[in-house]
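This briefing is meant for someone meeting the structure for the first time. Please look over the sequence and the model below before reading the points that follow.

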Amino acid sequence: MALRRLLLTLLVPVAAALAVWAVVPLSSGAQSAGELQEEIDEKRSAESRLEADAATFERIAARLARQVALIERRRAQVQAELDANQARLARIKATLLRERRRLAQLRARLAF
């Protein structure tokens with residue numbers, strides 16, 4: 001879910017820029033063929049840069065997704081260790097309580 005949100009955050013501006021570029025008509029002023037070609041080349045160059053940026057963002061998002069998966073696996077391992085240690089602690093506390101009661105009983109016997 002976070003990866004989808006990250007992708008949307010990164011790709012929406014790129015898509016919006018491409019949409020604006022596609023919708024906005026070229027200047028209708030008296031331009032020469034050379035000027036029109038230069039403008040077309042500039043737009044293609046900008047499009048190429050945007051495509052490269054989008055590819056970079058996709059690689060970053062994929063790398064982040066791998067890192068998140070790794071962290072999630074480690075968190076699950078640590079949680080399992082914590083659960084095991086908490087169960088062990090509960091057993092030790094129960095044993096300690098039994099032993100303290102037994103000690104109290106033995107002390108009471110010695111007192112008589």
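In which helix is E42 found? E42 is found in helix α2, and the points below begin with the chain as a whole before turning to that helix, its charged residues and its salt bridges. The model is a predicted one, and the values given here are computed from it.

**The chain as a whole**

- The secondary structure of the protein chain comes to 2 helices and 0 strands, so that, by the definition of helices and strands as DSSP runs, no strand was assigned anywhere in the chain.
- The protein chain has 112 residues, of which 4% count as buried.
- About 9,600 Å² of the protein chain is exposed, and carbon and sulfur atoms supply 61% of that area.

**Helix α2**

- Helix α2 covers residues 33-111, and K43 is one of the residues that lie in it.
- The 79 residues of α2 should span 117 Å at 1.5 Å a residue, and this agrees with the 113 Å that separates the C-alpha atoms at its ends.
- Among the residues of α2, E39, A54 and A61 are buried, which means that each has under 20% relative accessible area.

**K43 and L18**

- K43 has a relative accessible area of 28% and is therefore partly exposed, since that category lies between the 20% limit for buried residues and the 50% limit for exposed ones.
- Although K43 and L18 are 25 residues apart in sequence, their C-alpha atoms are 9.8 Å apart in space.

**A negative surface patch**

- The residues E35, E38, D41 and E42 form a negative surface patch.
- E42, a member of this patch, has a relative accessible area of 47% and is therefore partly exposed.

**Salt bridges**

- A search of the whole structure finds 3 salt bridges, and each of them is described in the points that follow.
- In one salt bridge the side chains of E72 and R75 meet, with an N to O distance of 3.3 Å.
- E72 and R75 both lie in helix α2, where they are 3 residues apart, or about one turn of the helix.
- Both partners are partly exposed, because E72 has a relative accessible area of 40% and R75 has a relative accessibility of 45%.
- Another salt bridge joins the side chains of R74 and E81, with an N to O distance of 3.9 Å.
- R74, with a relative accessible area of 44%, is partly exposed, and E81, with a relative accessible area of 45%, is also partly exposed.
- The side chains of R102 and E99 meet in a further salt bridge, for which the N to O distance is 3.9 Å.
- R102 and E99 are 3 residues apart in helix α2, and therefore about one helical turn separates them.
- E99 counts as partly exposed, because its relative accessibility is 42%.

Note on methods:
Residues are numbered from 1 along each chain as its sequence is written. This is a predicted model: local features need pLDDT of at least 70, side-chain atom pairs count only at pLDDT 80 or more; totals for chains, interfaces and linings use all residues. Side-chain values use heavy atoms; hydrogens and water are left out. Helices (H or I, at least four residues) and strands (E, at least two) are DSSP runs, numbered from the N terminus. Buried means under 20% relative accessible area, exposed over 50%, partly exposed in between (1.4 Å probe, protein chains only). Accessible areas come from the Shrake-Rupley method with a 1.4 Å probe; for residues, only the protein chains shown count as cover. The expected span of a helix is 1.5 Å times one less than its number of residues. Patches are made of residues with over 30% relative accessible area and no salt bridge: like charges are joined within 9 Å, nonpolar side chains (Val, Leu, Ile, Met, Phe, Trp, Tyr) within 5 Å. A salt bridge is a side-chain nitrogen of Lys or Arg within 4 Å of a carboxyl oxygen of Asp or Glu. Lys and Arg count as positive and Asp and Glu as negative; His and the chain ends are not counted. The place of a charge is taken as NZ of Lys, CZ of Arg, CG of Asp or CD of Glu.
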